[in-house]
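This report goes through charged and aromatic side chains in one protein chain. The sequence and structure come next.

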Amino acid sequence: MSYIQFLGAAGTVTGSKHLINVSGDISGRSGLQVLVDCGLFQGKKEWRERNWQNLPLDAKEIDCLILTHAHLDHCGWIPRLVKQGFRGPIYATPATIDLCGVLLPDSGHLQEEDAAFHNKFKTSKHDPALPLYTEEEANESLKYFQPVAFGEAKQISPELSFRFVHAAHILGSSMAEITLSANGARSTRLLFTGDIGRVHDQNVAPGKVVYSGPQAGESADVMVMESTYGNRQHPKDDPRPQLADLIRKTVERGGSVVVPAFAVERTQKFLFMLKELMESGQAPRVPVFCDSPMAIKAVEIFLKHTEEYSDATKQLIAKYGSPLKWQGVTFAQTAEESKKINDSRFPCIIISSSGMVTGGRIQHHLTQRLPDPKNTVIFIGFQAPGTRGFTIKSGASQVKIFGQMVPIRAQVAALEQFSDHADTPELMEWLHTFSAKPSATYLVHGEPEASSQLRDAMTKELGWNVQVAQWMEKVEVK
Ligand SMILES: [Zn+2]
């Protein structure tokens with residue numbers, strides 16, 4: 001028999017890790033073992049502590065890893081897996097591999113920095129505080145990556161093959177269609193959605209970089225599907241006038257705008273939108289600081305992978321060229337350049353990561369700017385419960401950064417339209433295109449409330465057999 005075991009992103013939105021055991025016994029002692037995604041747990045402490053736990057099987061026994069996309073909650077545990085002895089191939093699309101090449105070493109670097117900070121100020125209960133993995137270990141893990149192009153059939157063993165199809169979530173993002181043909185019997189098709197992107201509509205999801213909505217006409221016997229926005233609808237109005245207005249009002253009162261944003265894709269998307277607003281006179285021209293060494297590398301990767309652009313992106317790049325050459329936009333590479341931004345007292349826009357304020361240089365900028373009511377913080381991404389971003393966004397009066405309570409007096413705004421996740425109506429729209437009902441669908445990558453509401457909607461509207469996956473649960477694949 002074959003089974004899937006949910007090792008992460010079950011009951012929460014982070015830590016995606018799903019194990020497929022092909023033709024083994026339920027104890028997991030035999031059979032081909034394939035991991036789909038290998039993400040970091042982020043957010044609440046009870047989840048983050050799981051990053052330190054070992055897997056229920058020896059990492060050496062995993063034969064290969066199939067990676068859907070380059071977000072850390074899907075790939076950020078890879079260096080730890082390699083550290084624990086995994087030596088198999090890591091299959092991903094070429095753009096995902098390029099993005100992981102900057103994201104994983106950066107993640108290792110941030111963890112080393114955090115550990116060093118905790119050791120210096122004795123702010124951790126662990127002595128010494130250790131990084132989950134180092135930058136060097138992250139670099140080491142990169143050599144196991146092997147590119148697989150979209151649509152290419154990859155045979156892993158006589159029993160298992162897969163191909164990547166477009167997920168339309170971020171650059172390089174894919175769903176994995178996996179075919180099991182155990183014992184020469186009939187084959188079973190598994191679909192792991194990874195994260196599912198928005199429908200392609202510039203008015204509904206403006207600034208979208210990648211080309212199309214998720215591939216229509218899918219079929220699967222068993223589906224493992226994300227449910228981040230399983231109980232939510234994104235606003236359908238254009239965020240640009242609201243963004244321009246927030247910037248204008250902040251600048252008029254002599255304040256600055258701070259935007260926590262993921263350095264990859266979200267930052268590039270936001271930069272192009274700012275450029276358009278400033279060029280058209282809708283937003284005032286103030287200096288823009290992009291404080292992330294990774295964002296520079298990410299721009300270069302974006303400019304390379306033209307095969308994934310939407311028409312709107314093609315037009316924007318033809319019109320404005322590379323953001324690295326724009327006047328008035330400064331990319332801060334070094335720590336000194338970053339500190340200089342802290343010193344600037346004139347109105348400006350600071351874009352920095354991490355997007356959920358879980359680490360990185362954004363922490364310094366918020367420590368500086370949150371106490372002043374003249375400033376505005378604009379969230380343009382999902383904030384998982386337990387993150388500092390979630391605390392700030394939910395209207396708290398203070399937030400703990402670097403062990404200190406920082407008062408929140410700045411204006412706080414959130415623009416949900418930037419999301420790269422399909423909302424409930426968009427998910428349902430995609431599911432309606434399926435050519436056949438899966439015999440079982442397991443919902444992962446959602447807060448319990450979101451997953452259960454999506455389960456109910458899918459059961460009622462589509463008549464599908466849908467279950468919310470539980471952490472560590474094993475489900476048989478027939
Ligand atoms: Zn993602």
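In this predicted model, a surface patch of negative charge is made up of E112, E113, E135 and E136. The elements that contribute two or more residues to the negative patch are α4 (94–121) and α5 (135–141). E113 belongs to helix α4. Its relative accessible area is 42%, so E113 counts as partly exposed.

**Salt bridges**

Side chains of opposite charge can pair when their charged atoms come close. Over the whole structure, 23 salt bridges are found. The table lists three of them, each linking distant parts of the chain.

| Salt bridge | N to O distance | Separation in sequence |
|---|---|---|
| D98 and K304 | 2.6 Å | 206 residues |
| R232 and E416 | 3.9 Å | 184 residues |
| D420 and K269 | 2.8 Å | 151 residues |

The side chains of D98 and K304 form a salt bridge at 2.6 Å, N to O. This pair connects helix α4, where D98 lies, with helix α8 (residues 293–304), which holds K304. K304 is exposed, because its relative accessible area is 52% and the exposed class is set at over 50%.

How far apart are N and O in the salt bridge between R232 and E416? The distance is 3.9 Å, and a salt bridge requires the nitrogen to lie within 4 Å of the carboxyl oxygen. R232 is in the loop between β11 and α6, whereas E416 is in the loop between β19 (411–414) and α13 (424–431). R232 has 34% relative accessibility and is therefore partly exposed. E416, at 19%, is buried, because buried means under 20% relative accessible area.

The loop between β19 and α13 also holds D420, whose partner K269 is in helix α7 (residues 266–279). Their side chains meet in a salt bridge of 2.8 Å, N to O. Are D420 and K269 buried or exposed? Both residues are buried.

Elsewhere, a network of salt bridges links R163, E177, R189 and E218.

**Aromatic pairs**

The count of aromatic pairs is 11. One of them joins F6 and Y442, with ring centres 5.7 Å apart and planes at 50 degrees. The pair is classed as tilted because of this angle, since stacked planes are under 30 degrees apart and edge-to-face planes over 60. F6 is in strand β1 (residues 2–8) and Y442 is in strand β20 (residues 440–444), so that the pair links parts of the chain 436 residues apart. F6 is buried, with a relative accessible area of 0%. Y442 is also buried, at 8% relative accessibility.

Which kind of pair do the rings of Y229 and F382 make? Their centres are 5.7 Å apart and their planes stand at 80 degrees, so the pair is edge-to-face. Y229 is in the loop between β11 (222–226) and α6 (240–252), and F382 is in the loop between β16 (376–379) and α12 (388–393). The contact therefore ties together parts 153 residues apart in sequence. Y229 is buried, at a relative accessible area of 2%, whereas F382 is partly exposed, at 23%. The loop between β11 and α6 thus holds Y229 as well as R232.

Y91, F162 and F164 make up one aromatic cluster.

Technical notes
Residues numbered from 1 in each chain as written. Predicted model: local features only at pLDDT ≥ 70, side-chain atom pairs only at ≥ 80, totals over all residues. Heavy atoms only, no water. Patch = residues over 30% accessible without salt bridge, like charges linked within 9 Å, V, L, I, M, F, W, Y side chains within 5 Å. Areas by Shrake-Rupley, 256 points an atom, 1.4 Å probe, with all protein chains shown as cover. Lys, Arg positive; Asp, Glu negative; His and termini not counted. Charge placed at Lys NZ, Arg CZ, Asp CG, Glu CD. Helix = DSSP H or I, 4+ residues; strand = E, 2+ residues; numbered from the N terminus. Buried < 20%, exposed > 50% of the residue type's maximum accessible area, 1.4 Å probe, protein only. Phe/Tyr/Trp six-rings, centres within 6.5 Å; stacked < 30°, edge-to-face > 60°.
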